[in-house]
Amino acid sequence: MNSDGAYANLVLPALLRERRLTGRDAAFATELLAGTCRWQGSYDTIIAAAAGRPLNGFQPAVLDLLRLGAHQMMSMRVPVPAAVAASVDLAAATVGERVTGLVNAVLRRVADKTLEEWFDQLSDGLDDRDRLALRSAHPRWIVDAYAELLEPAELEQALAANNQSPPISLAVRPGLAEVDDLVHAGAEPSTYSPFAARWRGDPGELAFVRDGRVGVQDEGSQLVTWALTRAAAAPGWWLDLCAGPGGKSALLAGLARLDGSRLVASDVALHRAILVAAAVRAYAGRGTGPTVLVADATRPAWRADSFSRVLADVPCTGLGALRRRPESQVALLASAIDSAAPGGIVGYLTCSPHRRETSDVLNETLAVRTDVEVVPAAQLLPEVPGAALGPYLQLWPHRHGTDAMFAGYLRKTR
């Protein structure tokens, strides 16, 4: 589960299609993987307590099996004998017979208590935030980061929302499909984005998705991308400088086409650029696709002052390790500003609400640059209530039903 460093949301749909899993089987597999990933931190604490040994005493593959087994027993209502037997069989098939006894013993000790009973036992002696971290399956530093932005009454709601399975959000490619097309196919319109619809089945069932006229993209991701195009700017070339895996590029490609503009989509990694090319393939097939590049945005392959709109969806881990090296985000934002033409608009986006990755980066940049001004984000998305964070924008799962996307928009003045 962890060894290959893959993204679950990208790997799982392909695996479901490869194994031809549909309906209840696909739903079970999806919850097993996604739910185990969400609750991994808390399960790790429980497993270590049940086994009486630190986690580094387990082979990584065995630890993943224990996590999967724990999720089945504690959160999926799978009977203990069935969950243990399935985990033991999987251990024998993937790791070897020698570890089956260990897997069997540890999971049976985990099953001695309910999830709530484990929380009660392991919470003893913890302060309020450590207790909340354990019960919400979040590291303490994430709880602290959320606490800087939210009132105490809202903090628990926000953490709980991170552990709820989100609906599948679809995004139409502008000019190639309409939300009404998806509604006629059985989807439901989303709340805020005019490009979004919610789908309850396998997106691969839809011809729109298979041929690239519709993609899977969180509604919040759509909104912060759309907002970039709502600020006034002259038609011209647009740039997505951290484009992979391509959802935002696909939306921008369609909006640029309607604006009489063209898009350059760039990513530093070849495999991510390939994903971008796949995401925009429906436009490419009509001769109006963006130019897809493999390039390091901190050493641009394009001339400065060239683009009327620049999107910098900077790499982050969705509340991750880049808080320890924010200089990479500052450098990408600087490159985005340098790439914009005078009068052009720059959008700085992250999928993290951590202040060190969001408003701090913008404020530090504004403190040393005199060639940009802030465009108040709330003016660009007036349809979305409760999203303003000063002059910037912060979406929340518990408020808006979207990913916790942050956005700030700047206009280059000279």
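These are my notebook entries on what I looked up in a predicted model of one protein chain.

**Entry 1: the chain as a whole**

I began with the overall make-up, and the protein chain holds 20 helices and 13 strands. I then looked up its radius of gyration, which is 23 Å and close to the 22 Å that the globule rule gives for 414 residues, so the chain is as compact as a globular protein of that length. Along the principal axes, the C-alpha trace spans about 65 × 45 × 35 Å.

For burial, I noted that 50% of the 414 residues count as buried. The exposed surface comes to about 18800 Å², and carbon and sulfur atoms supply 53% of that area. I also looked at how contacts are spread along the sequence: of those between residues at least 6 apart, 71% join residues at least 24 apart.

**Entry 2: the sheet around β1**

Next I followed an open sheet of four strands, whose order is β2-β3-β1-β4 and whose pairing is antiparallel. Its edge strands are β2 (188-189) and β4, each of which pairs on one side only.

I went through the pairings one by one. Two bridges join β2 to β3 in the antiparallel sense, and here E188 has R198 of β3 as its bridge partner. Between β1 and β3 (residues 196-199), which run antiparallel, I found four bridges, and R198 appears again, as the partner of S169. On the β4 side (residues 214-216), β1 pairs over three bridges, also antiparallel, with V172 standing opposite V214.

I then asked myself how many of the five residues of β1 are buried. Four of the five residues in this strand (168-172) are buried, so β1 is largely enclosed by the rest of the structure.

**Entry 3: the nonpolar cores**

In soluble globular proteins, nonpolar side chains tend to be buried together, and I wanted to see where that happens here. The largest nonpolar core has 44 residues, and those with the most contacts inside it are L182, V214, V224 and Y409. V214 is thus one of these residues as well as the residue of β4 opposite V172.

I picked L182 for a closer look: leaving aside residues up to four places away in sequence, L182 touches L170, V172, A187, A197, L206, F208 and V214. A second, separate core of 34 residues includes I46, L66, A91 and V99.

**Entry 4: cysteines**

How many disulfides does the structure hold? I found zero disulfides. A disulfide is a covalent bond between the sulfur atoms of two cysteines, and I checked C37 with this in mind. The closest cysteine sulfur to that of C37 is in C351, 16 Å away, which is too far for a bond. C37 counts as partly exposed, at 34% relative accessibility, whereas C242 is buried, with a relative accessible area of 11%.

**Entry 5: backbone oddities in loops**

I looked up the cis peptide bond that joins G244 and P245, for which omega is about 5°. P245 has its place in the loop between β5 (237-240) and α14 (247-259).

I also recorded two residues that have a positive phi although they are not glycines. R20 has a phi of about 60° and is found in the loop between α1 (8-18) and α2 (23-38); with 75% relative accessibility, R20 counts as exposed. D305 likewise has a positive phi of about 60° and lies in the loop between β7 (291-294) and β8 (307-313). Is D305 buried or partly exposed? Its relative accessible area is 43%, so D305 is partly exposed.

**Entry 6: L149**

My last look was at L149, in the loop between α9 (140-147) and α10 (152-161). L149 is partly exposed, at 24% relative accessible area, a value to be read against the cut-off of under 20% for buried. Not counting residues up to four places away in sequence, L149 touches P353 and W396. From L149 to R173 I noted a separation of 24 residues in sequence and 34 Å in space, taken C-alpha to C-alpha.

Definitions and conventions:
Residues numbered from 1 in each chain as written. Predicted model: local features only at pLDDT ≥ 70, side-chain atom pairs only at ≥ 80, totals over all residues. Heavy atoms only, no water. Buried < 20%, exposed > 50% of the residue type's maximum accessible area, 1.4 Å probe, protein only. Pairing = 2+ DSSP bridges. Disulfide = S-S within 2.5 Å. Rg over C-alpha atoms; globule rule 2.2 N^0.38 Å. Contact = heavy atoms within 4.5 Å. Areas by Shrake-Rupley, 256 points an atom, 1.4 Å probe, with all protein chains shown as cover. Core = buried A, V, L, I, M, F, W, Y, C linked by side-chain atoms within 4.5 Å.
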